[in-house]
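This report looks at pockets, domains and a few local details of one protein chain. Please keep the structure in view while reading.

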Amino acid sequence: MRLPRAFSSSLAVALCGLAWAAAGPANAQTYPHKPITLVVAYPPGGSTDLTGRALGVELSHRLGVPVIIDNVGGAGGAIGAQKVANAAPDGYTLLVGASNEVAINKLVNGNVKYEPKDFTPIGLIASQPLVLVAAPSAGVKNSGEFLALLKKNPGKYSYGSSGVGTSLHLAGEMLKQQGGIFMTHVPYRGVAPLTNDLLGGNIDFGVFVLSSALPYIRSGKMVALGTTEAKRSAITPDLSALSENPSLKNLDIGVWFALMGPAKLPESVSVRLKKALSETLQSPDFRKKMEAASSVVPTSDLDIDKFLVSETAKYKAIVKFANIKE
């Protein structure tokens, strides 16, 4: 039987409507269905970039879509972080953020516009300690000799970091506070000039990310006085932790990398990303890459919200003690 044309058209529209209604909820819940951009708030080649690229490979494999790395450097990571804070909360623009831009920048720089509440934390990716090093010419080989030298010569010595308000700077100030010592902070525009000056004997001490200093420590061009986390790093169990010195027993600071999305990320998207991240952290290949970069992957699911609150409170106390402003 042939149906009237008008009826056929109406029936087709109705059937399409039913099909869309049936598929609609499924479509709305399907994430992701297009490429994801991972913003790294630094130029290519650094530890945050390396972490982001390794993570991007894993997330692409687990989520089934391309993951594109977008290096947005400048202002100590603030420009890239701001880009993510301003992004649509749909899960397609995410931040691989280090402690600097996620928790420290706002504490030391009033020009930073974003707040912690402008992000949805997904999870911790990895962390690594900092390390206090000395030039061989300084004549000290461990934390005890270092503290004795500084107390005997208050104000005579300086230490370098990669810049004002960085985690390296905060570690140096925490060291001064807990050790009861005084040394002048010399901020450099990055690790490269600090390395050159320390190797050239123009400055006696420096705070480095472990991965940056380790080749020079191994070659004897720098003397490791101790790492900065509460315990020795699993990457370098042969290097003492500064906290092993009774005068520095509460010293605990490092750098970490976290996956963050914009605020108000839908719960379904957040859950999907957390699952993919959790699977990534269990990947032997990913862990191997992080270990090669001197980073340690969390061994268990960490409460990222509590972690960020605790870390921010720690940084705030150091910033207040040292009156750090940028």
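The text below covers the domains, then the pockets, then salt bridges and backbone geometry.

## Domains and their contact

This is a predicted model. Its chain is divided into domain 1 (36-127 + 254-322) and domain 2 (129-244). Domain 1 is thus written as two segments, 36-127 and 254-322. The C-alpha centres of the two domains lie 26 Å apart. Their contact takes 18 residues from domain 1 and 17 residues from domain 2.

The size of an interface is often given as the accessible area lost when the parts come together. Here, domain 1 and domain 2 bury about 1,400 Å² between them. Carbon and sulfur atoms account for 72% of that area. Which residues of domain 1 lose the most area to domain 2? They are S294, I318 and F321. Together these three make up 36% of what the domain 1 side buries. The count of salt bridges between domain 1 and domain 2 is zero.

## Two pockets

Rolling a probe the size of a water molecule over the atoms shows where empty space is left. The table sets out the two pockets.

| Pocket | Volume | Lining residues | Nonpolar / polar / charged |
|---|---|---|---|
| Largest | about 1,100 Å³ | 39 | 18 / 19 / two |
| Second largest | about 520 Å³ | 22 | twelve / four / six |

Take the largest pocket, with its volume of about 1,100 Å³. Of its 39 lining residues, Y42, N100, S162, G190 and V191 are the closest to the centre. Several elements each supply at least two residues of this lining: helix 2 (47-63), helix 4 (99-108), helix 6 (167-179), helix 8 (210-219) and strand 9 (254-262). Domain 1 and domain 2 each provide at least three residues of the lining. By residue class, the lining has 18 nonpolar, 19 polar and two charged residues.

The second largest pocket holds about 520 Å³ of space. Of the 22 residues that line this pocket, L124, S127, E229, D252 and F307 are the closest to its centre. Strand 4 (119-134), strand 9 and helix 11 (304-322) each give two or more residues to the lining. Helix 11 has the largest share, with four residues. Six residues of this lining are charged, alongside twelve nonpolar and four polar.

Why does the second largest pocket lie between the domains? Both domain 1 and domain 2 give residues to its lining, so the pocket lies between them.

## Salt bridges

Side chains of opposite charge can pair when their charged atoms come close. The count comes to twelve salt bridges. One example is E58 with R62, whose closest N and O atoms are 2.9 Å apart. Both residues lie in helix 2. They are four residues apart, about one turn of the helix.

## Backbone geometry

Most residues other than glycine have a negative phi, and most peptide bonds are trans. Two places call for a look.

The peptide bond from Y31 to P32 is cis, with omega near 0 degrees. P32 sits in the loop between helix 1 (5-29) and strand 1 (36-40).

S294 has a positive phi of about 70 degrees, although it is not a glycine. Where is S294 placed? S294 belongs to the loop between helix 10 (284-292) and helix 11. S294 also appears with I318 and F321 in the domain contact, among the residues of domain 1 that lose the most area to domain 2.

Definitions and conventions
Residues numbered from 1 in each chain as written. Predicted model: local features only at pLDDT ≥ 70, side-chain atom pairs only at ≥ 80, totals over all residues. Heavy atoms only, no water. 1 Å grid on protein atoms, 1.4 Å probe; cavity = no way out; pocket = protein on both sides within 12 Å on 5 of 7 lines; lining within 4 Å. Points joined across faces, edges and corners; volume = space filled by probe spheres on them. Nonpolar A, V, L, I, M, F, W, Y, C, P; charged D, E, K, R; others polar. Domains from an automatic or database assignment. Contact = heavy atoms within 4.5 Å. Buried area = accessible area lost by both parts, 1.4 Å probe. Salt bridge = Lys/Arg side-chain N within 4 Å of Asp/Glu carboxyl O.
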